[in-house]
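Student: Could you take me through one part of this structure slowly, namely the largest pocket and the aromatic rings that belong to the same region of the chain? I would like to see how the pieces are described one after another.

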Amino acid sequence: MQKWKENLRVIEPYVPGEQPQNKDVIKLNTNESPYAPSPETGKAIREYDNDKLRLYPSFVCSELKSALMETYPVNESELFLGNGSDEVLALCFMTFFNSKKPVLFPDITYSFYDVWCNLYNIPYQRIPLDNNFRIIKEDYYGKNGGIVITNPNAPTSVYMELNDIEDIIKHNEDVILIVDEAYIDFGGKSAADLIHKYDNLVVVQTYSKSRNLAGIRVGYAMAQKELIAALEAVKNSFNSYTLNSLSQAAAAASAKDKDYFNECVNKIISTREHTVKELSKLGFETLPSKANFIFTTNKNISAEKLFNYLKEKNIFVRYFNKPRISEYLRITIGTDEQMEALINAIKEFKQ
């Protein structure tokens, strides 16, 4: 064995949803939006001055920050931008979680959290959700090195009320609490309103879901300026230019088009509620969702067998072969037509 292999970092990476190459599929497995980006985004891309691409992008992202400031109660010094919320969260873990005490997050949640902890040698503890897949807030009152809550949670889609989030913050004034709000626009209330009240709160959001722009990789954090400055220092120790110029222009245009944003979000919410009703008629029990996906089970149907059957029909959903959730499927909300095809395929399924 070559001696250099002893120095390789060995880690089990995050595994994203399958990306089928066949275009004739109904793709309901990665929580992307079924709708095109804002027409204003397309216009910004078409009119972009290609000559600017020979220059480094703005590392302060003032245009995009100004657009976001029209939506959220923050100023420029309270915004941090990165290459998708995954990069933003990874930098948050590196910046804020440097205690010998464990970082706390639910046992069923976004599976990238334990990957980052292992990568950065951060101690962590998974706190069990209750039998209804809800966070027990009292479980987060003890000593810890930080807390991460996805709200609404993934893959369960369950939303935690803002007053319960605030209660956890009040019981953890000495550590940083991160609220990952990738799906907040589909029915919840953002904790961004609390960042001026609590100096230990970081709220992270993304353009990949409600903004229909997973392909441009834009995410951002909102927090008091001292926390943002710390994030910037860590980011600039790796790469000062994490967000490319074209993505900045596209994201700024999207943020300004509030009418189109609301139209798409409302369509997804309407389709979600209709899908839940149709699945209920087929014997499915679906957790209450405030996301652009649902988490559903049928005690008379094997989730794994249904997953494989749907895949044969070119309908891709997400199956997790993990404790407590191995009989559930996570299904992204697509268009009305896509969800109708899903329902029809389930009706045809026979074990």
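Tutor: Helix H4 is a good place to begin, since among the elements it gives the most to the lining of the largest pocket, with four residues. Please keep in mind that this is a predicted model, and that the values below are computed from it. The pocket to which H4 contributes has a volume of about 1,200 Å³, and of the 46 residues that line this pocket, Tyr14, Val15, Tyr110, Ser111 and Arg318 are the closest to its centre. Alongside helix H4 (112-119), the elements that give two or more residues to the lining are helix H3 (84-96), strand E3 (103-106) and strand E12 (318-319). If you sort the lining residues of this pocket by character, you find 20 that are nonpolar, 13 that are polar and 13 that are charged.

Now let us turn to the rings, starting with Tyr110, which has already appeared among the residues closest to the centre of the largest pocket. A search of the whole structure finds 22 aromatic pairs, and one of them joins Tyr110 to Phe112 in an edge-to-face arrangement, with 5.9 Å from centre to centre and 75 degrees between the planes. Both partners of this pair, Tyr110 and Phe112, are buried.

Phe112 also pairs with Trp116, but here the arrangement is stacked, with the ring centres 4.3 Å apart and 5 degrees between the planes. Both of these residues lie in helix H4, where Phe112 and Trp116 are four residues apart, about one turn of the helix. Trp116 is buried, as is Phe112. The label "stacked" follows from the angle, because planes under 30 degrees apart count as stacked, whereas those over 60 count as edge-to-face.

These two pairs can be placed in a wider setting, for ring pairs link Tyr14, Phe93, Phe97, Phe105, Tyr110, Phe112, Tyr113, Trp116 and Tyr124 into a cluster. Two members of that cluster, Tyr14 and Tyr110, are also named among the residues closest to the centre of the largest pocket, and that is where the account of the pocket and the account of the rings meet.

Notes
Residues are numbered from 1 along each chain as its sequence is written. This is a predicted model: local features need pLDDT of at least 70, side-chain atom pairs count only at pLDDT 80 or more; totals for chains, interfaces and linings use all residues. Side-chain values use heavy atoms; hydrogens and water are left out. On a 1 Å grid over the protein atoms alone, a cavity is a set of points where a 1.4 Å probe fits but cannot get out, and a pocket is an open set with protein on both sides within 12 Å along at least five of seven lines; lining residues have an atom within 4 Å of a point. Grid points are joined across faces, edges and corners, and a volume is the space filled by probe spheres set on the points. Ala, Val, Leu, Ile, Met, Phe, Trp, Tyr, Cys and Pro count as nonpolar, Asp, Glu, Lys and Arg as charged, and the others, Gly among them, as polar. Rings of Phe, Tyr and Trp (its six-membered ring) pair if their centres lie within 6.5 Å; planes under 30 degrees apart count as stacked, over 60 as edge-to-face and the rest as tilted. Buried means under 20% relative accessible area, exposed over 50%, partly exposed in between (1.4 Å probe, protein chains only).
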